[in-house]
Amino acid sequence: MANKGINKPPLVAPMKHFDEPPKKAPKKRKPTKPPKKRQGGVIGFFKRILFSILRVFWKIGLTVAVLLALLIGAGTAYYYKDLPDAVALMDDRKRGSVTMRDHQGEVFAWRGDQFGGLVSSETVSPYLKDAVVATEDKRFYRHFGISPRGIASAIRINMRAGRSPLSGNGGSTITQQVAKRVFFSDLPSKERKLKEVPMSIAMELKYTKEEILTIYLNRAYLGAGSYGFEAASQRYFAKSARVVNASEAAMLAGLLKAPSRFAPTRDIGRAQGRANLIVGLMEDQGYLSKGEAITARNNPAKLSAVAEKRAGGYFADWIMESGPDFILKDTTEDIVIKTTFDERVQRAAESALDYIFAEKVREGSKAQAAIVVMSRDGAVRAIVGGRNLGIAGGFNRATQALRQTGSSFKPFVYAAALENGMSYDSVVIDEPLTLNIPGSGKWSPKNYTKKFLGPITFTEALSESVNTAAVRVSENVGREKVKVLAQDFGIANKLADGPALALGASESTLLEMTGAYAGILNSGVNAKPYGVMELTIQGDDTPLMGKSAGNGQRVINDRSAAELIYMMNQVVENGTGRRARLEGREAAGKTGTTQGARDAWFIGFTADYVAGVWMGYDDNSKLTGVTGGGLPADIWRETMVRVHEGVPSKTLPMIRPLPVVDDLVPETAEGRPTTTIGGGNLGQKIDEELKRLEDDAETILKKVLGNIFGRKN
């Protein structure tokens, strides 16, 4: 025990050296990885080449990205400095609009670039604003002008459809669409897309989202000449874009994709189907509740009464054709025109045409027809420029088609004769006639019936449309006088020089011919067709123009006009125009069928209205079994029956001849002796017969006197 711990050192605390820093533990050395062994062989060689190429492309791509960013930045800065205030971009149409009102002041048609007035994203209907964003750019409020996701999606859609990446869907944002429409609409597609990017970013920096959307709402084209949602809403629904409901907003937004295809005036069913798709997008994106979407689908948008009627399209086209270019086509002002158009009369003409073709024309016929109705002073009330056969194009056969007039020209021949001192019961000889035409040789007119009637009155000759008689009268009066008179009545197109002038060898339009007949009804004072009553700049109170027809000039005297109207009345009562007779109402007119039956006409009038009907084929082929006294007269009668519904019956301003007392020497109502035109051998025979009768009368008289004197003796 005593020895316990003898060999142990004493317990002494180690001394601390406070002036010495503590010794640091030596750093542990990280174990070094053995160097990678290069993969040998062919695979390693190609891997090294591939990695080198990728590094090069990475550096090039990075460089290109930097350069592209610099270019976009420079382009953005360049465009930004020149951007005007947002309001200046909201209406930049190349020409103004034309709003047309009928004779009662109701709007019936629009032409030109229609602009309904400025609206903003805050003032339009919330449904419309949401529908546009949901349809065109659902990330509008989250992107900076361009949408990489949208572009990628568009490229994917295009490639799946077999198109090139940049063809078809473009993935454009609303901002890009504004840039395109406002600044780059005339550029080629690829150049435009390159410039849209910096411009869109510049616009996002310059304008607020609401300003960009406002520009879009005012500049978008929505069909039927409507620029901006206010114009389109007024055009299709007759209400402001501020108050459209969900279904109407969806239909308007649906027009953005293809304005012509989805226009409700073209196909309301297709437009409603497109609107239902938009309603679905609005529901998916939370703009409509499920209940609101169901309500919108169950109550689809419908056209306004004016838009649905679509009346007066041909009339409106005529106004635009005939008006002064500097007002209707070249100005950027918005114009309002009060016209002579009468929707009731237009409907009457359209329904008459449809009725006759449905009831009396074989199904599938490509024959065309046109109608013009006007008042006696030339105020055009309705124009039907042709049947709708589903063929694109708006060729107006009433105002643009030049066709031979046929026998509908003959009233001007007899008007010249009446003005030259002859009478409605002057006699003309209907017998074979041959004329020698310098440079052409002999020409012999033929009658439609291939028969000759001998001595007939002017009234009978016009009533039965006798060709030889019309030529004799024209040659007797003088072709030049006939031409001048027809031109004075309003036939402006070149008239034929030869004797066939009397048979309607010249060409004219239906509008021109109907206007010339209006001058006959107007007691011989010409009546130039007109359609404009007042023309005013929108917002102004003082019209720029008034009635476009001037004071008519007298062409034939009252007496000649009254006799001619009577002669034309007999065409309807007893002649070739009998199918045009109106029950309980006096009418007058003239049939016309051209050589080869390529054109058939009936033009006539009552005391209130003048109407013209033309029928034929656009390719000028022959009509089968149609003359002016047939289907055209039927169309005219059906038109006038409908036009005169509710209109009191009036008498025509014509003479009322007394019954003929002496069959041998007819006299006019004024007691003037008639004139006999033509005759040849037949005329000589008549003269001989009259001489024989005169001699017989003298012989008889002598015998009577001899007997008397004999008794006295």
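1. A good place to enter this predicted model is a single pair of residues, since Asp-430 has Gly-454, in strand E12, as its bridge partner. Helix H17, which spans residues 467-477, packs on the sheet there and touches E9, E12 and E18, and its direction makes about 125° with that of E9. The pairing behind that first bridge is antiparallel, with strand E9 (residues 427-430) and E12 joined over four bridges.

2. The sheet itself is open and has three strands in the order E12-E9-E18, with mixed pairing. Its edges are strand E12 (454-457) and strand E18 (676-677), each of which pairs on one side only. As general background for reading such a sheet, strands pair through backbone hydrogen bonds, and they may do so in a parallel or an antiparallel way.

3. Helix H17 deserves a second look, because nine of its eleven residues are buried, so the rest of the structure largely encloses this helix. The buried residues are Asn-467, Thr-468, Ala-469, Ala-470, Val-471, Arg-472, Val-473, Ser-474 and Val-477, and a student may notice that Asn-467, Arg-472 and Ser-474 are included in that list. Just after H17 comes Gly-478, which takes a positive phi of about 115°.

4. One residue of H17 also leads into the nonpolar interior: Val-473 is among the residues with the most contacts inside the largest nonpolar core, together with Phe-412, Tyr-414, Phe-458, Leu-564 and Phe-605, and this core has 83 residues. Leaving aside residues up to four places away in sequence, Tyr-414 touches Phe-458, Ala-461, Leu-462, Ala-469, Ala-470, Val-473, Leu-564 and Met-567. Apart from this core lies another, of 56 residues, with Val-132, Val-244, Ala-249 and Ala-307 among them.

5. Ala-249, named in that other core, belongs to the buried residues of helix H8, which are Ala-246, Ser-247, Glu-248, Ala-249, Ala-250, Met-251, Leu-252, Ala-253 and Gly-254. Because nine of the nine residues of H8 (residues 246-254) are buried, this helix is largely enclosed by the rest of the structure. The cover over these buried residues includes helix H2 (126-136), helix H7 (229-237), helix H9 (268-284) and helix H10 (290-298).

6. Strand E5 can be read in a similar way, since four of its five residues (the strand covers 335-339) are buried, so the rest of the structure largely encloses it. With strand E1 (residues 97-101), E5 pairs in the parallel sense over four bridges, and within that pairing Met-100 has Ile-337 as its bridge partner in E5. With strand E14 (residues 532-537), E5 pairs in the antiparallel sense over five bridges, where Val-336 has Thr-536 as its partner in E14.

7. A last local point concerns Ala-369, which lies in strand E6 (residues 368-375) and is buried, with a relative accessible area of 0%. Not counting residues up to four places away in sequence, Ala-369 touches Leu-353, Phe-357, Val-384, Gly-385, Gly-386, Arg-387, Trp-614, Met-615 and Ile-635. Ala-369 and Tyr-617 are 248 residues apart in sequence, yet their C-alpha atoms are 8.3 Å apart in space.

8. For the chain as a whole, the secondary structure comes to 22 helices and 18 strands, and 47% of the 713 residues count as buried. Among contacts between residues at least 6 apart in sequence, 71% join residues at least 24 apart. The accessible surface comes to about 38100 Å², and 54% of it belongs to carbon and sulfur atoms.

Key:
Residues are numbered from 1 along each chain as its sequence is written. This is a predicted model: local features need pLDDT of at least 70, side-chain atom pairs count only at pLDDT 80 or more; totals for chains, interfaces and linings use all residues. Side-chain values use heavy atoms; hydrogens and water are left out. Two strands pair if DSSP finds at least two bridges between them. Helices (H or I, at least four residues) and strands (E, at least two) are DSSP runs, numbered from the N terminus. Contact means heavy atoms within 4.5 Å. Axes are lines fitted to C-alpha atoms, for helices over the stretch in contact, and angles run from 0 to 180 degrees between N-to-C directions. Buried means under 20% relative accessible area, exposed over 50%, partly exposed in between (1.4 Å probe, protein chains only). Accessible areas come from the Shrake-Rupley method with a 1.4 Å probe; for residues, only the protein chains shown count as cover. A nonpolar core is a set of buried Ala, Val, Leu, Ile, Met, Phe, Trp, Tyr and Cys residues joined through side-chain atoms within 4.5 Å.
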